[in-house]
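Student: I should like a close look at a single part of this structure, set in the context of the whole chain. Please take one helix and follow it into the interior.

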Amino acid sequence: MENISEEKIDHPLVEFWQQFSKNKGAIFGLAIIVIFTLIALLAPLIAPHSPTAIDPEFLRVSPAFSEGGTSKYFFGTDDVGRDLLSRLIHGAQISMLIGFFVVIISCAIGTFLGLISGYYGGWVDRLIMRFIDILMAFPSILLAIVVVSVMGPGISNAIIAVAIVAIPGFTRIVRGSVLAEKKKQYVMASKTFGASSFRIMFFEILPNCMAPLIVQASLGFSDGILNAAALGFLGLGAQAPTPEWGIMLADARPFIESSPWMVTLPGLCILFAVLGFNLFGDGLRDALDPRLKR
């Protein structure tokens with residue numbers, strides 16, 4: 001009986017998790033994302049009050065853990081008597097949905113443009129990249145403001161505007177990956193066997209571009225939340241009485257000195273949501289890029 005040495009062969013997901021878990025910041029970011037996702041999914045169940053219900057007897061009540069607070073409203077109320085905790089919880093649901101749809105739209109369009117540009121090259125590449133350069137010539141929030149101003153305020157239009165702003169990032173990353181991949185032997189072999197350009201782009205090249213695309217999607221999620229909140233703060237995104245974090249900041253601006261919790265709480269929610277996705281994206285980059293593995 002021959003002795004066969006057993007070699008431990010790690011599954012790619014196991015290897016990825018081992019590398020990812022070395023980054024404590026990434027783990028912290030993942031924990032934040034999980035918490036906000038659970039809050040968003042369970043918002044109707046865990047919110048103690050309706051986010052739009054008004055209690056005229058409790059106007060600008062302090063949080064329960066400070067002087068003048070009440071246990072009925074743990075995080076206090078706003079200037080019209082709405083429960084801040086309930087509005088923050090439902091605001092997480094809105095912000096996560098905005099980030100999700102922004103990433104889906106911008107990733108789909110950006111990936112398609114990047115594939116076409118990198119694969120065909122020539123005048124197609126020049127035309128697409130000049131369009132991307134025009135989009136990148138404007139500051140992201142300014143371009144989003146212009147788009148929303150043309151289309152009109154609202155959550156759906158804000159999502160479209162922020163998605164347009166995010167398209168160049170996905171396009172440039174996919175194009176760069178395609179330029180590197182299309183010179184490799186497996187692409188040459190596919191062409192030799194008569195595979196169509198569509199099959200080569202979407203079934204051969206695209207799967208090998210997923211690592212940088214996943215990282216960009218994670219970072220794009222945080223940008224989507226931040227830009228949507230900025231549009232809401234300017235009155236161009238979600239409209240009152242929608243419990244969106246940007247609107248809550250705008251409504252609380254006149255009371256920043258007398259009722260600081262009205263500004264601090266939604267600001268902290270935006271801070272932690274953006275921080276979580278940025279830390280998670282950095283961890284994904286370190287784990288998926290073999291050049292950064294230590």
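Tutor: In this predicted model, the protein chain exposes about 15,600 Å², and carbon and sulfur atoms supply 66% of that area. Of its 294 residues, 45% count as buried. The chain has 12 helices and 0 strands, and its C-alpha atoms fill a box of roughly 75 × 65 × 30 Å along the principal axes. Among contacts between residues at least 6 apart in sequence, 69% join residues at least 24 apart.

The part chosen here is helix α2, which runs over residues 24-41. Its 18 residues reach 26 Å from the first C-alpha to the last, close to the 26 Å expected at 1.5 Å a residue. At the start of α2, a side-chain oxygen of Asn 23 comes to within 3.1 Å of the backbone nitrogen of Gly 25.

The buried residues of α2 are Ala 26, Gly 29, Ile 32, Ile 33, Phe 36 and Ala 40. They lie on the same side of α2, because they cover an arc of only 120° around the axis. An α-helix has 3.6 residues a turn, so residues three or four places apart point the same way. The face turned away from the buried side of α2 carries the exposed residues Lys 24 and Leu 41.

From this buried side, Phe 36 leads into the largest nonpolar core, which has 54 residues. Phe 36, Met 96, Val 178, Ile 205, Ile 225 and Trp 245 are the residues that touch the most other members of this core. Helices that each supply at least two residues of the core include α2, α4, α10 (210-233) and α11 (245-252). The helix that gives the most to the core is α12, with 12 residues. A second, separate core holds 16 residues, among them Ile 98, Leu 143, Val 147 and Val 165.

Trp 245 shows how α2 meets its surroundings: leaving aside neighbours within four places in sequence, the contacts of Trp 245 include Phe 36, Leu 88, Ile 225, Pro 266 and Ile 270.

Helix α4 (residues 84-120) also holds Arg 87. With 2% relative accessibility, Arg 87 counts as buried because the cut-off is under 20%. A polar atom of the Arg 87 side chain lies 2.8 Å from the backbone oxygen of Pro 51. Not counting residues up to four places away in sequence, Arg 87 touches Pro 51, Asp 78, Arg 82, Pro 241, Thr 242, Pro 243 and Met 248.

Key
Residues are numbered from 1 along each chain as its sequence is written. This is a predicted model: local features need pLDDT of at least 70, side-chain atom pairs count only at pLDDT 80 or more; totals for chains, interfaces and linings use all residues. Side-chain values use heavy atoms; hydrogens and water are left out. Helices (H or I, at least four residues) and strands (E, at least two) are DSSP runs, numbered from the N terminus. The expected span of a helix is 1.5 Å times one less than its number of residues. Buried means under 20% relative accessible area, exposed over 50%, partly exposed in between (1.4 Å probe, protein chains only). The arc is that of the directions from the helix axis to the C-beta atoms. A polar contact is a pair of N or O atoms within 3.5 Å; within protein, one must be able to donate a hydrogen and the other to accept it, and residues adjacent in sequence count only if both atoms are side-chain atoms. Contact means heavy atoms within 4.5 Å. A nonpolar core is a set of buried Ala, Val, Leu, Ile, Met, Phe, Trp, Tyr and Cys residues joined through side-chain atoms within 4.5 Å. Accessible areas come from the Shrake-Rupley method with a 1.4 Å probe; for residues, only the protein chains shown count as cover.
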